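Here are a few warm-up exercises to work through with the coordinates open. Try each one yourself before reading the solution.

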Amino acid sequence: MTATRLLIVTAVEPEAAALRAGITQPPTTATSSAPRPAHAKAPSATHPEAPSVTHLEAVSATHPEAPSVTHLEAVSATHPEAPSVTHAEAVSATHAEAEPSTLTEAPRVVHVEAVGVGPAAAAAGTARLIALAEARGEPYTAVISAGIAGGFVGQAEVGATVLGTRSIAADLGAEAPNQAEAPNDAEAANQAEAARPPEAARPAGQAEAARPARPTGQAESTEPSAASGRGFIPIEELGFGSSVVAADAALLKMLSSALPYAVVGDVLTLATVTGTAATAAALQARFPDAVAEAMEGYGVAIAAQAAGLPFVELRTISNPIGPRDRAAWRVREAFSALTEAARKACG
């Protein structure tokens with residue numbers, strides 16, 4: 001079997017740094033006699049596995065999903081030891097023979113890249129990385145979308161690790177009036193009558209336009225979501241494609257084996273982070289199997305799918321989905337969980 005080349009895509013650099021911290025750390029078991037690589041520096045007192053407390057507080061102070069430019073620059077300034085993509089590849093290659101990969105039994109290379117916030121940046125950035133690897137003659141063999149996320153209350157609690165069975169673009173579709181907003185037949189007829197020009201406005205001799213009749217046997221047309229009161233029509237019902245990408249079954253099984261404690265379920269992708277109880281409840285009603293929401297999974301999945309590569313989404317939970325409450329954010333814990341997941345899955 002040829003060496004597995006794994007691409008892990010994150011939104012922002014702090015997520016990538018947390019993952020690399022798990023991937024690049026050598027084995028620490030009592031029986032291990034493997035020497036510590038020269039490039040693997042001893043963990044600092046404030047940063048044993050992930051970015052420092054100060055760094056993480058900067059994340060929470062700006063945005064849990066999208067740290068500021070200043071924040072990202074601070075990563076390099078305060079954590080020069082954070083391994084680069086090349087560094088991660090070198091460590092993976094160094095330990096490939098001594099430590100078989102959890103993902104496959106073949107030696108493997110792991111690249112971790114931050115490509116930007118949101119599904120569009122995620123799709124474009126992932127597609128670019130896949131194309132560049134192919135052009136180098138070193139194509140990737142699997143793709144993982146990873147990072148922190150919000151968890152649905154009662155499904156994935158803060159600090160939990162999540163594996164996505166499907167990545168779903170939850171806001172890809174059309175808004176429609178709900179039952180309370182949709183006019184009934186009588187109201188619609190009155191509105192149409194009111195919109196018709198009066199007699200004086202029609203040119204002389206022009207007869208009143210006949211109302212078009214429905215073909216015999218054709219039922220009254222109804223919008224599916226307006227009729228059901230959902231207020232949203234998914235892209236599938238519009239006939240323009242699919243909002244769902246299923247995880248690769250084999251890759252999901254491998255990760256589930258490495259992370260048996262992980263919550264497994266659908267992960268939603270939204271361009272706007274949920275910030276109200278009403279939106280959270282509406283999403284749970286539409287997607288009862290969803291356990292978390294993030295902003296990039298579907299974009300990464302589409303790029304992987306287009307390239308014919310297996311894909312899965314891995315998230316750790318930093319906050320409950322619902323009213324925006326900074327006091328409830330636990331970004332530090334989510335980054336630590338991300339590092340631990342990376343270590344167990346491919347460290």
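**Exercise 1.** In which helix is the place of Ala123? Once you've got it, work out the burial class of this residue and its partners far along the chain.

*Solution.* This is a predicted model, so everything below is computed from predicted coordinates.
- Step one: Ala123 sits in helix α5, which covers residues 119–135.
- Step two: the relative accessibility of Ala123 is 22%, and buried would require under 20%, so Ala123 counts as partly exposed.
- Step three: skipping residues up to four places away in sequence, Ala123 touches Gly299, Val300 and Ala303.
- Step four: go for a C-alpha distance. Ala123 and Ala301 lie 7.6 Å apart in space, with their positions 178 residues apart in sequence.

**Exercise 2.** Do the same for Leu238: which helix is Leu238 found in, and which residues does Leu238 touch beyond four places in sequence?

*Solution.*
- Start with the helix: Leu238 belongs to α8, residues 235–238.
- Next, the accessibility of Leu238 comes out at 32%, so this residue is partly exposed.
- Now the contacts: Leu238 touches Gly173, Ala174 and Ile233.
- Finally, take Gly173 from that list. From C-alpha to C-alpha, Leu238 and Gly173 are 7.4 Å apart, despite being 65 residues apart in sequence.

**Exercise 3.** Describe how α1 packs on α12: at what angle, and how far apart are the axes?

*Solution.*
- First, locate the pair: α1 spans residues 13–24 and α12 spans residues 331–346.
- Then the geometry: the angle is about 40° and the axes are 7 Å apart.
- To classify the angle, recall that under 35 degrees would count as roughly parallel; α1 and α12 are therefore oblique to each other.
- For handedness, α1 passes α12 in a right-handed crossing.
- Last, the residues that meet: the α1 side includes Pro14, Ala18, Leu19 and Ile23, while the α12 side includes Phe335, Leu338, Ala342 and Cys346.

**Exercise 4.** Zoom out. How many helices and strands does the protein have, and where does pLDDT stay under 50?

*Solution.*
- Count the elements: 12 helices and 10 strands.
- Check burial: 43% of the 347 residues count as buried.
- Look at contact range: among contacts with a separation of 6 or more, 82% join residues 24 or more positions apart.
- Now confidence: mean pLDDT is 74, with 60% of residues at 70 or more. Residues 25–102 fall below 50, though this stretch has 112 contacts in the model beyond near neighbours in sequence.
- Residues 208–229 also stay under 50, with 29 contacts beyond four places in sequence.
- A caution to finish: where pLDDT is low, don't read the predicted coordinates in detail.

How values were computed. Residues numbered from 1 in each chain as written. Predicted model: local features only at pLDDT ≥ 70, side-chain atom pairs only at ≥ 80, totals over all residues. Heavy atoms only, no water. pLDDT = per-residue confidence, 0-100. Contact = heavy atoms within 4.5 Å. Helix = DSSP H or I, 4+ residues; strand = E, 2+ residues; numbered from the N terminus. Buried < 20%, exposed > 50% of the residue type's maximum accessible area, 1.4 Å probe, protein only. Axes fitted to C-alpha atoms, helices over the stretch in contact; angles between N-to-C directions. Parallel < 35°, antiparallel > 145°, perpendicular 65-115°, else oblique. Left-handed = near helix turned anticlockwise from the far one by under 90°.
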